[in-house]
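User: I'd like to learn how to read surface patches and strand pairing in a model. Could you walk me through it?

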Amino acid sequence: MSTFAANFFLMNSKGLHALNAFIEVFGESSVSSVVSSKDLKLKSDSFEEIKSLCKKKSISFHERGDRSIKELDESDTVTFAIGWRWLIPNCNKLIVFHDSLLPKYRGFAPLVNCLVNGETEVGVTALYASEDYDAGEIIAQKSLKISYPLKIAHAIELIEPLYSELVIEIFQKIISGSHLSSKRQCTSAVTYSPWLDEDDYFIDWRWSSEKIIRFIDAVGFPYDGAKSIVDDLIVNIYDAELVKDVVVEDRKRHIGKVIFFKDAPVVVCGDGLVKLNRVCSDSGQLINLRFRSRFR
């Protein structure tokens, strides 16, 4: 094994994209090993594609929890963690890639929360691993401007090349002997993005119509989709659009109600109206709603 070979802990399409790009530039001999894991929260997690790529390129591949995983070879130059969610022990040269422009959005699902909050710029940060999550010194960042409406699947496609560019640029510096500089994060600018559970997929109809649209788009495929309760049934809402608002008397009392039916239900929000173009059951079947329905 070459002295300049990297370990990878990676998941999902961004991990696959970065590994592919790395191999194209540096060759498979520059990859010491790959550790991956299935992501049961995603409808498409790229695990099999990562595994297949490693097999095709004769790269040592391990699934998280595999007892055959040995301690990382300290002669290897660096370990990259992309989309990884767990602690990586016994690794002194670990560079983590994070879905936000740190120090904002430390933590979990940062890209989802960026879209929900209507950020106009998103990006990726490469940083040294630290005892506290996402608190290490920043090595490099790449960003891009975005506009709305923007679905999460498209947003992921937009930032995937940023991962590849960062991995390639950092490894190129390492193998050329260049100094890999880093800087401390500005602690006064730190924000946190907490982990999401099943309750976090439910729409809060008290939000503005613009935020609800961003939320529906942000948690769609490959995630499970925005949810609500209507007629005592949990439904998935996959597509919606803004509708020109009207004056609703005593609006707070009527939030969540269907006010019009224009080929699809139009719902009263805390501010504004949304038209729900695709409402489905858990099995994916379209649901026919009554005019007198209320989303909760």
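Analyst: Happy to! A patch is built from residues with over 30% relative accessible area and no salt bridge, and like charges are joined within 9 Å. Keep in mind that this is a predicted model.

User: Which residues form the negative surface patch here?

Analyst: The negative patch consists of E48, E49, E63 and D66. Take E49 as an example: its place is in helix α2, residues 47-56.

User: Is E49 buried or exposed?

Analyst: In between: E49 has a relative accessible area of 42%, so it is partly exposed.

User: And which residues form the nonpolar patch?

Analyst: For nonpolar side chains, the joining distance is within 5 Å. In this model, F108, Y133, Y192 and W195 make up such a patch on the surface, and together they have about 490 Å² of accessible area. One of them, Y192, belongs to strand β9, residues 192-193.

User: Now the strands. How should I think about side chains there?

Analyst: A helpful general idea: along a regular strand, side chains alternate between the two faces of the sheet. Now look at β10 (residues 226-230) and β11 (residues 233-243), which are antiparallel partners over five bridges. Within that pairing, S228 is opposite V235 of β11.

User: What happens between β10 and β11 in the hairpin?

Analyst: Two residues lie between the strands, and D231 adopts a positive phi near 50 degrees.

User: Which strand pairs with β11 over seven bridges?

Analyst: That is β14, residues 273-280, and the sense is antiparallel. You can find E241 standing opposite K275 of β14.

Key: Residues numbered from 1 in each chain as written. Predicted model: local features only at pLDDT ≥ 70, side-chain atom pairs only at ≥ 80, totals over all residues. Heavy atoms only, no water. Areas by Shrake-Rupley, 256 points an atom, 1.4 Å probe, with all protein chains shown as cover. Salt bridge = Lys/Arg side-chain N within 4 Å of Asp/Glu carboxyl O. Lys, Arg positive; Asp, Glu negative; His and termini not counted. Charge placed at Lys NZ, Arg CZ, Asp CG, Glu CD. Helix = DSSP H or I, 4+ residues; strand = E, 2+ residues; numbered from the N terminus. Buried < 20%, exposed > 50% of the residue type's maximum accessible area, 1.4 Å probe, protein only. Pairing = 2+ DSSP bridges.
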